[in-house]
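Open the model in your viewer and keep the selection tool at hand. The stops below follow the place where two parts of the chain meet.

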Amino acid sequence: MSSKILDAFLNDGIQDLKDRGMYNTIDPVEGANGPVIKIDGKSLINLSSNNYLGLATDERLKKVAKEAVDTHGVGAGAVRTINGTLDLHLELEKKIAEFKGTEAAISYQSGFNCNMAAISAIMNKEDAILSDELNHASIIDGCRLSRAKIIRFNHSDMDDLRKKAKEAVESGQYKKIMVITDGVFSMDGDIAKLPEIVEIAEEFDLITYVDDAHGSGVLGKGAGTVKHFGLQDKVDLQMGTLSKAIGVIGGYVAGKQNLIDWLKVSSRPFLFSTAVSPADAAASRKAIELLMESTELHDKLWDNGNYLKAGLQKLGFDIGESETPITPCIIGDEKKAQAFSKRLFEEGVYAKSIVFPTVPRGTARVRNMPTAAHTKEMLDDALKIYEKVGKEMDII
Ligand code: PMP
């Protein structure tokens with residue numbers, strides 16, 4: 001017999017989300033998540049993936065992944081600290097450190113896991129964390145897990161950060177204080193003001209942590225937001241994911257050797273959860289090698305991003321203030337944004353609507369993520385559909 005209390009909790013919770021228009025449905029992709037996808041048998045131009053460089057379906061990555069399966073099998077076999085650290089994991093971590101320009105790196109099973117792991121291994125209840133109000137959910141959860149005092153500062157507001165850093169230091173209540181920010185904010189495509197953040201951190205001796213999930217592969221000729229600003233020596237923890245531009249799965253922190261040594265003995269997902277598979281580790285390493293060898297994919301991503309942005313702007317869409325290829329089309333009203341995304345789907349474009357609480361009320365949008373794998377023809381087709389549906393719905 002199942003629990004009545006659980007049933008009531010689940011059914012009420014689901015109904016409540018449905019009533020508030022917040023019950024997410026999932027659209028399973030039939031086949032690979034490339035620039036064109038198939039959903040429900042329908043072909044759609046895909047403007048919703050984080051596969052920025054198209055590497056998720058790259059033949060060179062597929063080849064090394066298959067070879068790794070042949071030489072190492074399909075699983076790591078144990079947690080890293082027992083005997084699940086394979087040569088492939090160490091090679092990957094060495095490559096990440098080279099890529100990021102740091103002494104060392106540690107990898108985790110996902111970017112989400114990595115934030116949970118690293119923040120809570122460094123910070124504890126005697127500490128405080130200054131966190132941008134728009135930071136990703138995994139940062140918020142990592143901060144909560146650490147039990148440090150969480151002090152949110154207004155989004156990219158450096159006066160607010162300075163004021164709160166000063167107050168925290170002067171209170172004398174905290175042993176360590178960290179400032180943590182996304183490198184690129186995924187809903188608007190804006191870039192963190194890292195030079196100012198680093199300056200404030202130096203003034204108040206703050207630990208600096210940058211989540212570069214959306215900056216790696218995209219900024220700094222591929223090496224990320226920290227490199228973009230030339231701040232490799234000034235950021236203590238450069239966190240990133242292997243699941244977006246890199247195209248595979250996993251997360252990492254790059255930094256000084258003592259930081260990585262500490263994380264290897266104290267971050268719980270590293271100690272107690274099995275590492276990514278050999279194929280994942282090998283494919284991720286290959287992707288980073290490719291990025292270090294050539295900026296071709298990076299350049300193509302920017303070219304496509306600029307092309308789509310210019311096209312949407314010319315049509316009269318409000319594309320916000322993005323500084324990266326992430327291109328929102330701000331609609332405003334929640335229901336209208338959802339209806340717009342649905343009509344785009346019917347016409348052949350997959351671009352998800354993003355509504356409150358992910359973005360503030362009244363700024364609902366359809367978010368476009370062009371990639372290096374899109375052709376200009378695909379983007380032109382998408383723009384034609386945007387024009388048709390935008391006019392039909394009185395958006396442009
Ligand atoms: N940080 C940010 C800023 C992200 O956008 C995401 C993914 N949405 C993550 C961390 C988590 O990364 P992963 O998907 O590799 O778990």
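Start by colouring the two domains of this predicted model. Select 21-50 together with 295-393 for domain 1, then 57-293 for domain 2, as the domain assignment gives them. Taken over C-alpha atoms, the centres of domain 1 and domain 2 are 27 Å apart.

Next, select the residues of each domain that have heavy atoms within 4.5 Å of the other. The selection should hold 20 residues from domain 1 and 18 residues from domain 2. Together the two domains bury about 1,600 Å² here, and carbon and sulfur atoms account for 60% of that area.

Now show Asn50, His298 and Glu323 as sticks. On the domain 1 side, these residues supply 31% of the area buried against domain 2, more than any other three residues.

Move on to the polar links. How many salt bridges does the rule find across the interface of domain 1 and domain 2? There is one. To look at a salt bridge, select aspartate 188 and arginine 365, whose side chains meet with an N to O distance of 2.8 Å. Eight residue pairs are in polar contact across the interface, with both residues of each pair at pLDDT 80 or more.

Then switch to cartoon view and pick out helix H13 (296-315) and strand E13 (364-368). Each supplies at least two residues of the domain 1 side that touches domain 2. H13 gives the largest share of that side, with five residues.

Finally, colour the domain 1 side by residue type: nine residues are nonpolar, six polar and five charged.

Note on methods: Residues are numbered from 1 along each chain as its sequence is written. This is a predicted model: local features need pLDDT of at least 70, side-chain atom pairs count only at pLDDT 80 or more; totals for chains, interfaces and linings use all residues. Side-chain values use heavy atoms; hydrogens and water are left out. Domain bounds come from an automatic or database domain assignment. Buried area is the accessible area (1.4 Å probe) that two parts lose on being put together, summed over both. A salt bridge is a side-chain nitrogen of Lys or Arg within 4 Å of a carboxyl oxygen of Asp or Glu. A polar contact is a pair of N or O atoms within 3.5 Å; within protein, one must be able to donate a hydrogen and the other to accept it, and residues adjacent in sequence count only if both atoms are side-chain atoms. Helices (H or I, at least four residues) and strands (E, at least two) are DSSP runs, numbered from the N terminus. Ala, Val, Leu, Ile, Met, Phe, Trp, Tyr, Cys and Pro count as nonpolar, Asp, Glu, Lys and Arg as charged, and the others, Gly among them, as polar.
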